[in-house]
Amino acid sequence: MKARITGTGSYAPAKVLTNADLERLVATSDEWIRERTGIRERRIAGSGEACSDLAVEAGKRALDAASLPASDLDMILVATCTGDYPLPATACLVQHRLGATKAAACDIAAACCGFVYALSVADAYVKAGMRHVLVIGSEVMSAITDWTDRNTCVLFGDGAGAAVVSAVEGERGILSTHLRSDGNLNELIAVPGGGSRMPPSKKVVAEHLQCIKMKGNETFKVAVRMLEEIARETLKTNGLRVDDLDLYVPHQANVRILTGVMDRLGLPVEKVMMNLDCYGNTSAASIPLALDEAVRMGRIKEGSLVMLGAFGAGLTWSSAMIRW
Ligand SMILES: CC(C)(COP(=O)(O)OP(=O)(O)OC[C@H]1O[C@@H](n2cnc3c(N)ncnc32)[C@H](O)[C@@H]1OP(=O)(O)O)[C@@H](O)C(=O)NCCC(=O)NCCS
């Protein structure tokens with residue numbers, strides 16, 4: 001018995017924010033953003049559109065693709081750092097709106113690694129006897145973006161992606177997952193205000209401390225190393241070589257980070273899924289959004305060997321090997 005992804009889905013809000021739009025907000029240029037990040041545009045949630053709204057759409061599409069009624073779900077996991085509320089969990093709102101009457105529901109907070117962490121939890125629960133788990137990555141990063149900070153506001157976007165993970169006989173499915181963390185590096189990417197360390201206040205809002213702060217350059221360097229290391233570990237665990245891979249689906253943060261990883265691994269660009277030019281960094285949504293696009297484009301087929309790789313705030317880094 002294996003845990004297999006039997007359906008994927010995604011959803012991106014309609015509103016597009018281009019680099020030209022950002023030129024009107026901060027001192028930046030389309031050229032700088034494209035050269036340093038590879039991003040051309042990103043999607044932004046409409047007013048009143050929250051994390052669960054995106055998650056429900058992506059979840060419905062994944063259930064459709066898996067031909068599974070929501071009432072058959074045993075669990076819903078929503079990976080997010082931009083949930084509708086501090087509590088209840090966004091997953092509970094999704095559970096209610098999907099009509100998943102039997103399902104347990106909780107959120108997973110592992111920032112950009114959230115989807116791979118949640119997939120690993122789903123894999124473990126399916127191996128322990130659950131039949132169907134819906135894993136969603138959903139983010140409204142625009143809600144925690146400081147639109148006056150050019151260092152960060154050009155990087156992020158909103159979106160959601162989902163996967164149904166089911167217990168299935170046979171060899172195809174999730175082969176391994178690998179999860180890491182190093183809290184010593186917690187200050188590289190953080191939202192300093194609005195939590196119990198620094199509760200919401202006029203000062204927090206005035207200084208935009210409820211927004212994401214990042215040491216971009218330092219993050220860049222560790223990200224390349226972490227993605228390379230965990231990819232090598234994942235290949236080794238499964239007795240595989242880089243050449244065996246059909247597709248690498250990495251966290252869509254920055255094209256230069258991904259080029260660095262490709263160079264170090266000797267992985268050709270044709271074997272790497274990239275859609276960050278259209279979405280920017282959508283944190284926990286980025287891998288499932290890319291995964292769903294790859295499936296729908298026919299880049300992932302039955303039997304394909306697919307490796308996921310993520311890194312993000314925490315720091316956390318993670319990967320998964322999947323025989324589709
Ligand atoms: C953020 C990032 C794109 C910046 O690129 P970089 O090449 O490292 O650039 P630096 O931070 O060294 O900044 C270079 C210069 O560009 C400037 N700059 C920063 N943002 C800018 C922008 N949007 N437009 C124009 N100039 C900008 C800086 O102020 C700096 O100017 P200075 O030299 O006069 O001080 C890059 O570091 C990155 O992608 N890091 C990883 C971030 C990431 O993936 N985070 C998410 C993890 S999940």
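1. Helix 2 (30-37), helix 6 (150-153) and helix 8 (216-237) each contribute at least two residues to the shell around the ligand. Among these helices, helix 8 gives the largest share of the shell, 5 residues. The model is predicted, and the points below should be read with that in mind.

2. The ligand has 20 residues around it, and those that come nearest are Thr28, Gly216, Phe220, Ala253 and Gly312. By class, the shell divides into 9 nonpolar, 9 polar and 2 charged residues. For anyone checking the class counts, glycine is placed with the polar residues here.

3. Both domains take part in the ligand shell: domain 1 (2-170) supplies at least three residues, and so does domain 2 (175-323).

4. Away from the ligand, strand 7 (residues 158-168) deserves a separate comment. Of its 11 residues, 10 are buried, so strand 7 is largely enclosed by the rest of the structure. Buried means that 20 or more other C-beta atoms lie within 10 Å of the residue's own.

5. Which strands pair with strand 7 in the antiparallel sense? One is strand 1 (residues 2-11), joined to strand 7 over 9 bridges. In this pairing, isoleucine 5 stands opposite valine 165 of strand 7.

6. Strand 6 (residues 132-140) also runs antiparallel to strand 7, and 9 bridges join the two. Here serine 138 is the residue opposite alanine 160 of strand 7.

Key. Residues numbered from 1 in each chain as written. Predicted model: local features only at pLDDT ≥ 70, side-chain atom pairs only at ≥ 80, totals over all residues. Near = placed C-beta within 6 Å. Helix = DSSP H or I, 4+ residues; strand = E, 2+ residues; numbered from the N terminus. Domains from an automatic or database assignment. Buried ≥ 20, exposed ≤ 12 C-beta atoms within 10 Å, placed from the backbone. Pairing = 2+ DSSP bridges.
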